[in-house]
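Work through the exercises below with the model open beside you, and try each task before reading its solution.

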Amino acid sequence: MAQARVLEYFVVCGLGPDVKTMDGKSGFQGFDQTYMPSLVDQFPPTISSGVTALPPQLPLCALPAGVEFYSSGPISGDESSQPRSYPIILTDGEGAKIYVSCVAFRDPVDEDVAQAYRIPSNTYVDKCICIVSHAPCFQVCRETLEELHRVCFSSSGCSKLLWDIVGHVVLSVPLPSPGGGTVLFSIENHLLSIEVPSKADLPHADLSFQPLIQCLDVDNVIRLFTAVFLERHVLLRASKYSLLTLVAEAICHLLYPIKWQHVFIPVLFYGGVEYLDAPTPYMMGLHSSVEIIDQKLDGVAVVDLDRNIITLGEEMPSIPEPELGQLRADLVELLHPNLADMDRVQENAGVLRESRSLRGNKPWSTSHDTELRLIFLKFFATILSGYRDFVENTAANVFNKDAFLRKRSRITGVPRDIAVDQFLSSQGFLEFLEKGYGSPNAGPNLMDKLQQAMSRGQNPSVVLPGPAAERNIVTISDYSSQEIASRSKYRHDRFPSRARTPEQQEERKRILEAATAIMDRPTRPSSSNPGLPQTGLSPLERAAERERMVLDIKVKLQGLWQRLLVLGSTEDPLASSEYGTILALIESDAEGIGGSGFIECIGEHINSGWTCVLTEEQFIAVKELIKTTVSRAISRNDMVTIRAALEFSAVVYRKDVGSVADYIQRHLGVLPIWDELRFWDGYFDCLMDSVADKSGNFATLVSEQLVMVSQHMAGVGLPDAEAWFILESIAKKHNLGSKQLIKLRGLLAYMQQVRIGYWGFTPVRSQTTNPGGANQSQFHATDETPQPVEAAGATRSWVQSMFSRDKAAIAGRSHHGTSDSNVLVANDNIQNIQQPKVVDGSSAALRRGPSSVRTLRGHKAAVTVLHAVTKAECGEHGVDHDDTGHFISGSADCTVKVWDPSQRGSELRATLKGHTRSIRAIASDRVRIVTGSDDQRVLVWDKATGKQTVELKAHNDKISCVRMLWEPCVLTASHDGTVKMWDVRTDTCVATVGRSASAILCLDYDYETRILAAAGMDGVCNIWDTQATKQRHKLLGHSKWIRCLRMAGDTVITGSDDWTVRVWSLATGVCDSVLTCHSGAINSVEYSAADKGIVTGSADGMVRMWERDEGMLRCTKNVGIHSASILSLRIGERWLAIGAADNSMSLFQRSELKAGGGNRAAGWQLFRTPQRMATVVRCVASDPEKGRICSGARNGLVRLWDAAIAVQC
């Protein structure tokens, strides 16, 4: 294997032949504009073995302010015109850092460019030469680059061709192995050296930490370190690019042994200011000349390096004592030794004082850098003392955070530290464990060695390896050629271009000729069209610009996609930062670059040999992202992205409980595009065009492509009648014979039988066209009576029914996407689907009152929980209480807001501030509001005044549930596995009602029997008798998280991530029924007291209704109007409210139940569905008395839908 090189590429960035401004205008627009930088030259010209390709954003990052024109070159005494040397750091798709050393200077404009664009003679332009490396060799790369620049413009000239020197240095200088000695090389008799420290030493950092401590005082260094330690948003500002890079890299090295896991852009190009709104943590640097006044910067720590000022966008917990005090003392002793010793009593007169004084006057050196790094390593060794004892000896290296924090609390004598808690949940610490550092079987790392040295009272420096006894020195011979013998000198007035290939020269000539042609055109008088620009982007230029944007976004998507595929089994995928960032890139891009880029990432991963198998958690996230991508592509008519998503979704899958492959494609069936003939016709044409060899039989070729189309049709669950009509239309268009038609019909029927036999029927929605021409989807519920597999097979032979379809009706839907009435698109073979019926013989539309949707603004971050104040929870006083009908929302911005829907236009009644982390649970009664948060606290508020009255602190982890019992008592549950009962009058914990082995996610309480049910991540539902203070049952059966449960009399209903719902007997603790029709995690369950039925909502987007028939629960109705995960169900005697992650809500109503338990005659009817939101819905709550549904979105908006109906519950 070839040895790695120090220098991977030498690159020249500057003005290319295609001149355009930063805002996209083509051609030379004057000296007051900045222009887009391009990659002008590079060596080696092609990708070498073992070396990755250059990042596409390199030119824009090397010249972040763009390219400017100047009337003169460097001016003596003018600092701004002199060459500048600075490093930048980029990140590739896999998260590895790319180190780039830059020297920017003014260089004359190329003569052919100046001539083509009519640029004045003797004009100079920004140019930047760069060295690219994956090794953090800042100093040697900087010296190499500066020497090359000096040699180029030296008045005495150089003895070799400049690009020969570049080639020699790039290809000949190897990267030494860690601790393997020193490599010496020279450039024109200037000696340079490089060495890499041993693996037993601190990580390689060929930079000085002095800029960090010169820009910030001790307190601000600690404050910046804390923000990075807790993985917050960090923005560095400085007037020098070098300062931004060196400080950002230095603070990352001070994090050792933790590695920064998030976005890292030390020098952000000027046009990338919108990146500051990224939802995930980041560390970015931005030149101080760039204005950010219009940016919100909520939650961003802005560090002004020029003025030593740090502004925090949100409250941030500080590092706990005693570590904070020790860290500060160590830093003061290193940076200000005389000040540290001022009050110290000197036992040996003059000796200690003199040594400290000498140390204080000593210039900053590498020994200071090492000591500074050891100070922060000592901090980690102290704060993680004994961490190995809490790492479970498993392949996953699971860390018992709760036990570690309890031990720490006992040792320090202080309550649980918020900062330490947040750090132990950070991505950096989790990556530290995943690397195996904490494994009991792993050898000691540098931090472990330091912990051992500290326990023995040794100096921290003893953990570092000493200097090698013998240094291995490798000398790289100087370049030799005929030019050296002749002693000729090469002098340059500009940086020379590398010899171009004929292809490169031809392309450059073509671009410049096109520019010359544009400049030679006679200009029209400006008065004729004063509003039009003189020049615009050509289609080719627009395509190139879009491709650049695609590459920029794909770099981010590739890293996010890779991290999404390593989500652990204990992580909620829809709450992960990777999912949220990808979703934001897909949703926020009007041109579809994010969506198409995401699909391309999947395709590239498949082509690289990926097995396409996803875990349950990964499947949920990827499925929702592909759904969103296709939905956005439909709105843009982007058929290329839709076709690619269709194909990739047919190979990416998970294994269900029966080890059967469940492909993502099956979950895309609710999207309306599959009903359109034009899509499948276009897809068939693309398949035909992709066939390389068309010399064979044409009928066979058409049949093969139609087979592929039919496979995808069956995959998305397109009904048999619709699918056959489309296939038959395409086949007849290409004159396919009857024999091939019969074979194709048989194959389609077989695939439909197999799919239905295992997965059941797929609900389909029809479409209508409104008079204005806008296409709107009308949704209908489907009534499906489950049948045995034998009955699910067609009761009529496909041969008998093949040509007996009602083609006229189907043609009306498939050709035009419309129908004369809002009816279900039904499959002939499905005998059990019924049309929605009109209740009580009157039109439902006549009984519907006015409907309105209001958007309530106030939250600055995602809405995480919603609560409806109902009459039931206000007790007997609720009938006349003016708080009924209110909604209470909690957000990631740490605030709680109370909304009064009756006050149209001024709905916000109160804002409650007191929590420091996201709100997760809300409850209320007629006088109080109770809120639980990720900050481990439960706060009680007075409804009348909006002031905090009580703070309940006894949990050691996030609060997941709160419940008001009777007036003075509150029930709380937490991720620490405990359920506690509180008396809010005395601020005391009455009892720890129950304990679970893992985090509790849901609970329910029966006020009459005083029975409590709670369940969570361990898949166990615990039943406790709070009156007798004992556990009654431990309900075992689920294999994954239990996310929801309901108690109804003697029945407990639980829904789990294992796709099942279980019904338990409270008296015996036995599972009476297992409901297994869903193909996704169960997110919500409800019990209908009117007919003793059960309603379930799942991540597969389906709502299923179950009723008892001859003692058994059977699914009597499927509601498939939503295309994404069901988030919330709320049921009453005559209503059902549904909220889903496809940004929509729906309300169902049913007629009066007949006497004698006429639940068989009661039919749920879709009452209304408002327009969808433009962003992702996170939570939903409903108010049955007022006929309102409220949803909270990821962008902080609360959407209130007032159905204005009189429903008696």
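**Exercise 1.** Which residues in H24 meet which residues in H26?

*Solution.* This is a predicted model, in which local features need pLDDT of at least 70 and side-chain atom pairs count only at pLDDT 80 or more, while totals for chains, interfaces and linings use all residues. Residues are numbered from 1 along each chain as its sequence is written, and side-chain values use heavy atoms, with hydrogens and water left out.

Begin with the axes, lines fitted to C-alpha atoms over the stretch in contact, with angles from 0 to 180 degrees between N-to-C directions: those of helix H24 (residues 698-715) and helix H26 (residues 738-759) come within 10 Å and cross at roughly 20 degrees. The two helices are therefore roughly parallel, a label for angles under 35 degrees.

Then list the contacts (heavy atoms within 4.5 Å): from H24, Ala 699, Ser 703, Leu 706, Val 707, Ser 710, Gln 711 and Ala 714 meet Gln 740, Leu 744, Leu 747, Leu 748, Met 751 and Arg 755 of H26.

**Exercise 2.** Determine whether Asp 1057 is buried or exposed, and describe its surroundings.

*Solution.* First locate Asp 1057, which lies in the loop between strand E37 (1051-1056) and strand E38 (1061-1065); helices (H or I, at least four residues) and strands (E, at least two) are DSSP runs, numbered from the N terminus. Next, its relative accessibility is 7%, so Asp 1057 counts as buried, the term for under 20% relative accessible area with a 1.4 Å probe and protein chains only. Finally, leaving out residues up to four places away in sequence, Asp 1057 touches Glu 616, Lys 1040, Trp 1041, Arg 1043 and Ala 1081.

Technical notes: Buried < 20%, exposed > 50% of the residue type's maximum accessible area, 1.4 Å probe, protein only. Parallel < 35°, antiparallel > 145°, perpendicular 65-115°, else oblique.
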